[in-house]
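Me: I should like to work through a structure step by step, with short questions and reasoned answers. Please show it to me before we begin.

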Amino acid sequence: MIDIGRIVIKIAGRDAGKKAVIIDVLDNNYVLLDGETRRRKCNILHVEPLEQKIDIKKNAPHDEVSKALKELGIGTRETKPKPKTQKPKAKRKTPEQIRSQKEEKKKLRDIFRPKKKEEKPEAKAVTLEEKAGLVEEKKDEHKHEHKPDKKETKPKSEKPKKTPKNEEKKE
Amino acid sequence: MPAPRLRSRSLRKLFRKVPGGSTHIHYKRRKPKPAHCSGCGAVLKGIPRERPYKMRSMAKTKKRPERPYGGMLCSRCMRLEMIKRAIK
């Protein structure tokens with residue numbers, strides 16, 4: 001039953017219930033279909049052959065198949081090829097454009113950077129001067145507070161022990 | 001003792017371990033029974049078993065197989081149906 005030109009009904013899958021023609025027998029198991037289904041390879045088990053038959057060449061193009069099927073009143077699935085969308089080509093920039101771009105960037109830099117420079121030094125100057133006075137005073141206080149302690153603690157414990165030993169060794 | 005409305009057997013109990021270490025009971029509505037083939041009565045595959053509020057949020061293609069009579073007939077019954085048509 002399965003030979004080229006035989007009209008079949010697809011049983012399984014999303015194309016089930018649609019009619020098509022066998023264009024080619026590829027294998028013991030597979031055939032090529034065209035018609036209401038998409039032009040596709042198909043397992044014989046997923047196809048039910050009918051009594052009708054058409055004269056069609058092996059591997060006939062889609063146009064011939066659609067003409068032959070129209071006489072029987074079977075439509076064909078027409079897939080329109082997608083219109084080719086042209087990708088916008090990246091144009092090379094002229095040197096003038098590049099210059100203008102750079103100038104714009106520079107302008108943006110001028111807007112953002114100098115403000116920071118102006119703000120920071122002022123703030124620092126004020127704070128530093130104030131802090132400097134305070135810090136120096138504090139440091140002095142701290143130094144006065146800490147140093148005597150260290151001098152009292154460390155030298156007593158360390159220096160006297162070391163010095164005599166070293167002197168003895170040297171001697 | 002749980003609240004009276006939660007004592008009904010129509011609610012499913014989910015025992016969940018809580019970060020504190022104790023188990024808490026979550027009450028949920030039971031799922032509907034799986035979809036069956038109207039021809040042979042077999043359980044249909046590819047159809048999620050969810051409550052309607054979840055089915056509503058799912059896409060159409062996730063709720064049934066993409067073929068004629070998908071979600072109504074099993075594939076075997078559908079094929080027999082198609083063969084019957086072809087013979088007629």
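Me: Which of the elements of chain B has the highest mean pLDDT?

Reply: This is a predicted model, and pLDDT expresses the predictor's confidence in each residue. Chain B has a mean of 93, with 100% of its residues at 70 or more. Among its elements, helix H3 (residues 75–87) of chain B has the lowest mean, 90, and the highest, 95, belongs to strand E1 (residues 11–17) of chain B.

Me: Where in chain A is confidence lowest?

Reply: The mean pLDDT of chain A is 78, and 67% of its residues reach 70 or more. Where pLDDT is low, the predicted coordinates should not be read in detail. In chain A the highest mean, 93, is that of strand E1 (residues 6–10) of chain A, while the lowest, 55, is found in helix H3 (residues 159–170) of chain A.

Me: What pattern does chain A follow along the sequence?

Reply: Chain A has three helices and five strands. Read from the start of the sequence, its pattern is β-β-β-β-β-α-α-α.

Me: Which strands of chain A stand at the edges of the sheet?

Reply: The open sheet has five strands with antiparallel pairing, in the order E4-E3-E2-E1-E5 of chain A. Neighbouring strands are turned by 45° against each other on average, direction ignored. A strand at the edge has a single partner strand, so one side of it is left without a neighbour in the sheet; this applies to E4 and strand E5 (47–53) of chain A.

Me: What is the bridge partner of Val31(A) in E4(A)?

Reply: Strand E3 (residues 30–35) of chain A and strand E4 (residues 40–43) of chain A form a hairpin with four residues between them. Their pairing is antiparallel, over four bridges. E3(A) is also joined to E2(A) by five bridges, and there Val31(A) stands opposite Val25(A). In E4(A), the partner of Val31(A) is Cys42(A).

Me: About what angle does the direction of H3(B) make with that of E5(A)?

Reply: Two helices may be considered here. H1(A) packs on the sheet, touching E2, E3 and E5 of chain A, and its direction makes about 70° with that of E3(A). H3(B), from the other chain, also packs on the sheet and touches E1 and E5 of chain A; its direction makes with that of E5(A) an angle of about 5°.

Me: Which element gives the largest share of the largest nonpolar core?

Reply: In soluble globular proteins, nonpolar side chains tend to be buried together. The largest nonpolar core here has 20 residues, and those with the most contacts inside it are Val21(A), Ile22(A), Ile23(A), Leu33(A) and Val65(A). Two or more residues come from each of E1, strand E2 (19–25), E3 and helix H1 (62–72) of chain A, as well as from H3 of chain B. The largest share, four residues, comes from E2(A).

Me: How many residues of chain B are in contact with chain A?

Reply: The predictor gives the complex an ipTM of 0.73 and a pTM of 0.57. On the side of chain A that touches chain B, there are five nonpolar, two polar and two charged residues. These nine residues of chain A are in contact with residues of chain B numbering 10.

Me: What percentage of the residues in chain A are buried?

Reply: A residue counts as buried if 20 or more other C-beta atoms lie within 10 Å of its own. Of the 171 residues in chain A, the buried ones make up 15%.

Definitions and conventions. Residues are numbered from 1 along each chain as its sequence is written. Chains are lettered from A and ligands numbered from 1 in the order in which they are written. This is a predicted model: local features need pLDDT of at least 70, side-chain atom pairs count only at pLDDT 80 or more; totals for chains, interfaces and linings use all residues. Two strands pair if DSSP finds at least two bridges between them. Two residues are in contact if their C-beta atoms, placed from the backbone, lie within 7 Å. Ala, Val, Leu, Ile, Met, Phe, Trp, Tyr, Cys and Pro count as nonpolar, Asp, Glu, Lys and Arg as charged, and the others, Gly among them, as polar. A residue is buried if 20 or more other C-beta atoms lie within 10 Å of its own, exposed if 12 or fewer, and partly exposed in between; C-beta atoms are placed from the backbone. pLDDT is the predictor's confidence in each residue, from 0 to 100. A nonpolar core is a set of buried Ala, Val, Leu, Ile, Met, Phe, Trp, Tyr and Cys residues joined through C-beta atoms within 7 Å. Axes are lines fitted to C-alpha atoms, for helices over the stretch in contact, and angles run from 0 to 180 degrees between N-to-C directions.
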